[in-house]
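Visitor: I'd like a close look at just one part of this one, please. Could you take me slowly through the strand pairing, step by step?

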Amino acid sequence: MRHAYSVETVRAAEKALMGRLPEGTLMKRAAAGLAVACGDLLRRNGRVYGSRVLLLVGSGDNGGDTLYAGARLARRGAGVRAVLTAPEKVHRAGLAALLAAGGQVLDGADAGALGPVDLVVDGITGIGGRGGLRPGAADLVRAVTRGHAPVLSVDLPSGVEADTGQVLGAAVRADATVTFGAYKPGLLVDPAAGHAGALRLVDIGLGPELPARPDLEALQYADVAALLPVPDAESDKYRRGVVGVAAGSERYPGAAVLAVAGALHGGAGAVRYAGPGADAVIARFPEVLVHPGPPSKAGRVQAWVVGPGLGDSPSAAGAVADVLAADVPVLVDADGLRLMDAGAVRARTAPTVLTPHAGEAAALLGVPREEIEAGRLAAVRELAARYEATVLLKGSTTLVAEAGDAPVRINPTGTSWLATAGSGDVLSGLTGSLLAAGLGPRDAASVGAYLHGLAARRASDGAPVAAQDVADAVPAAWRDVRA
């Protein structure tokens with residue numbers, strides 16, 4: 001599992017570790033890892049010896065890491081030149097090391113006329129940077145990144161917010177980022193994550209100094225495999241979990257079909273459908289148990305999914321209220337988010353999962369959509385606290401948060417091909433099946449998002465994909481994880 005920690009936590013860990021090590025040890029460790037990563041990038045397109053490397057060097061330790069790494073590259077035969085964005089605050093020992101290794105310092109005004117380079121290393125600002133790049137630094141970045149040279153950022157792309165993932169001004173857009181000691185939230189949460197490129201973590205020995213509970217975490221294959229509910233020899237359809245689906249309408253019967261598809265392919269032992277889309281559901285999935293409604297009359301279930309394609313009729317509102325009154329886990333999506341009563345959600349004793357996209361989250365919080373998209377981490381935490389529920393905020397990086405102090409989870413399998421009509425309905429059914437199988441709401445939402453993204457990647461293979469294709473690929477994604 002990938003863990004991310006706040007700037008304050010990382011700095012406290014660094015301070016504790018530095019107190020027991022000779023001065024400069026952590027910087028040397030960071031610089032060594034950074035130089036290796038630079039060398040790997042250079043070798044992809046040629047070799048280190050004779051390559052041309054441009055360092056963009058800011059003040060403080062981040063600039064020091066960059067200068068020491070540049071010195072290592074220069075000793076391996078690279079032509080290394082540095083532009084100092086704050087000469088009066090440059091890390092003096094790092095600069096001396098670069099110059100002693102044969103590196104050069106350029107005036108910033110000459111950087112745009114350097115000619116081709118093989119690698120640009122962004123060491124302008126560190127994890128303490130705030131508010132985007134200053135105008136002079138932004139101009140410099142634009143001038144030196146006009147070509148096709150890869151850009152590698154040191155610790156995080158300069159100009160992004162380390163703790164929140166926000167981008168509040170001009171920022172570097174890197175091809176790769178080397179970070180030290182621990183991941184920072186901004187490397188995993190959009191929009192900042194979209195600036196980071198491929199991530200590489202360099203171990204500098206912080207592990208024992210970091211708290212057991214991170215601020216964010218991202219499940220990996222092994223974590224998901226350990227959580228997947230797998231039937232045993234004594235399982236039957238009821239023990240595997242029966243999920244109820246209250247979705248669809250005369251206008252949107254396809255939403256019912258897609259939510260049911262997600263539930264069936266997600267491993268549910270049985271699916272009960274309650275609503276006006278029974279004919280469409282049975283035509284596609286004859287194994288589904290159907291009922292015209294209300295949901296409470298459909299039969300026993302271990303979890304409910306309500307909302308996709310319900311519309312805004314009185315019967316739709318009644319279905320949402322009916323499901324929220326059930327004493328089983330409930331997932332609310334789409335129209336259900338608009339129709340639900342916030343007090344009824346907070347009053348529930350069984351788990352509740354809300355799955356809004358940015359527009360729905362904005363409506364629930366009463367803020368502009370742009371505010372949600374710019375500050376996704378703050379939004380998902382606020383939603384979870386306000387509604388006392390587990391919240392899966394869909395988007396370029398899907399986030400899962402629950403009320404309390406548990407780490408927010410980030411889904412690493414998302415793909416832009418999921419931006420297609422009906423894919424959210426599939427996710428709802430899939431996650432509902434995991435709730436019915438007995439996973440807790442945070443685990444069900446996290447595993448559901450992971451499998452959903454994996455299925456979309458498998459189904460699309462770089463080409464357009466439809467929601468039903470994603471649903472059909474879920475079993476293959478499940479097999480991939482278990483393998």
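Guide: Sure, and let's begin with the rule: two strands count as a pair if DSSP finds at least two bridges between them. Keep in mind, too, that you're looking at a predicted model.

Now try the rule on strand S6, residues 151–154, and strand S7, residues 176–180. How many bridges join S6 and S7? There are 3, and the two strands run in the parallel sense. Because the rule asks for at least two bridges, S6 and S7 pass as a pair. To find the spot on your screen, look for serine 153, which stands opposite threonine 177 in S7.

Next, step back to the whole sheet. It is open, it has 7 strands, and its pairing is parallel. Reading across, the order is S4-S3-S2-S5-S6-S7-S8, so going by numbers alone won't get you from one side to the other, because strands are numbered from the N terminus. Which strands sit at the edges? Those are S4 and S8 (198–202), and each of them pairs on one side only. Neighbouring strands here don't line up exactly: ignoring direction, they are turned by 25° against each other on average.

Let's zoom in on the S4 end of that order and meet S2 and S3. Strand S2 covers residues 52–57, strand S3 covers residues 79–84, and 6 bridges hold this parallel pair together. Leucine 54 is a handy landmark, with arginine 81 in S3 as its bridge partner. So what lies between S2 and S3 along the chain, because something has to carry it from one strand to the other? Helix H3, residues 60–75, does that job, and S2, H3 and S3 make up a β-α-β unit that is right-handed.

Carry on from S3 and you'll see the pattern again. Helix H4, residues 92–100, comes in with S3 and S4 to build a right-handed β-α-β unit. S3 therefore has a place in both units, because it is listed as a strand of each. S4 itself spans residues 104–106 and pairs with S3 in the parallel sense over 3 bridges. For a landmark here, pick alanine 82, whose bridge partner in S4 is valine 105. And with S4 you have arrived at one of the edge strands.

Definitions and conventions. Residues are numbered from 1 along each chain as its sequence is written. This is a predicted model: local features need pLDDT of at least 70, side-chain atom pairs count only at pLDDT 80 or more; totals for chains, interfaces and linings use all residues. Side-chain values use heavy atoms; hydrogens and water are left out. Helices (H or I, at least four residues) and strands (E, at least two) are DSSP runs, numbered from the N terminus. A crossover is right-handed if, with the strands pointing away from the viewer, the path from the first strand over the helix to the second runs clockwise. Axes are lines fitted to C-alpha atoms, for helices over the stretch in contact, and angles run from 0 to 180 degrees between N-to-C directions.
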